Amino acid sequence: MEKKELPTVVKKKISSDRCVMTGKGNWYFPLSDIYETPDNFIILIDMPGASIENINIDLQDNELVVNGEVSQEAYTDEKVIYNEYNIGHYHRHFVISDAVNRDKIEAKMSDGVLSLILPKAEHVKPRKIEVKAE
Amino acid sequence: MGLIKWEKPDPLDNLTHIQREMSDLFDFLSSTPQMEGYVDVEYPPIIVSMNEESVFVRAELPGIKVSDLDIQVVNDILTIKGERKLTLDPAKISYLRRERDYGTFARSIVLPEKVDAEKVTASYKNGVLTVNLPTAPESKPRQVVIKKS
């Protein structure tokens, strides 16, 4: 596997002039990867700090909305003396096409990374055509 | 040094870009200090906090195996080393969008207090690393009793 140094991470804040914000705190666009395997589309979303019970995934028509809330409770008795990143909630939405079998979408969370598994609908799955010998 | 993502330029982008620049400028001029946009920070970005007993160093490191992290305390310097691995084989899948970065990293910070290196603990939960460094007894505030003579 290729080796690389120094990952970069930029937290993009969702500014209030782009959309109406409800709820307390700051909201951020979590970074995500989308890739395709023969059977599925998979979305990986980095949501560090969000615990599994604070993640909400909604599917409305063709829009998949992911919200993750992050608790800052751990900091209540502490004084922050140096700060390089902001803590905030996560929001992102994806528009999905008919190529996805919407009834079978699965979600998993591990180590702050949410994986959404979107199975492909039968009609877009690659089909192998066997050549028959006559 | 941070890497900057390259985006394909679009002539129309220039207009929106200027608009954004202007709006950023106005934001900047009318600001309350801007806390956003730590582009050049080292990886991982950290938050250092403390209470009476300990110094806490936290870092957002989503999707890292605990075995790929190496944390050391020497005197009052904390070093966090590790690697965020690409768990997928790019030859077997096809990416449609890629934003999450990977790679090896290492950074050291000088701690604000003397710490008890023996008692340092670290935990990793929901992708956030927390290092708990109890302050050494000699750097805790000591009440001085004034004796009347």
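**Note on a sheet in chain A and two loop residues**

1. In this predicted model, A:E63 stands opposite A:V95, a residue of β8 in chain A. The strands concerned are β6 (residues 63-70) and β8 (residues 89-95) of chain A, which run antiparallel and are joined by 6 bridges.

2. The β6 and β8 strands of chain A belong to an open sheet of 5 strands, whose order is β1-β2-β8-β6-β5 and whose pairing is mixed. At the edges of this sheet stand β1 (12-13) and β5 (50-60) of chain A, each of which has a single partner strand, so that one side of each is left without a neighbour in the sheet.

3. Two loop residues deserve a look for their backbone angles, given that most residues other than glycine have a negative phi. In chain A, the loop between β9 (106-110) and β10 (113-119) holds A:D111, a residue other than glycine whose phi is nevertheless positive, near 50°. A:D111 has 17 C-beta neighbours inside 10 Å and therefore counts as partly exposed, since a residue is called exposed at 12 or fewer and buried at 20 or more.

4. In chain B, the residue to inspect is B:N75, which lies in the loop between β3 (69-74) and β4 (77-84). B:N75 is not a glycine, yet its phi is positive, at about 50°. Is B:N75 buried or exposed? Because 10 other C-beta atoms lie within 10 Å of B:N75, the residue is exposed, the cut-off for that class being 12 or fewer.

Key:
Residues numbered from 1 in each chain as written. Chains lettered and ligands numbered in written order. Predicted model: local features only at pLDDT ≥ 70, side-chain atom pairs only at ≥ 80, totals over all residues. Pairing = 2+ DSSP bridges. Helix = DSSP H or I, 4+ residues; strand = E, 2+ residues; numbered from the N terminus.
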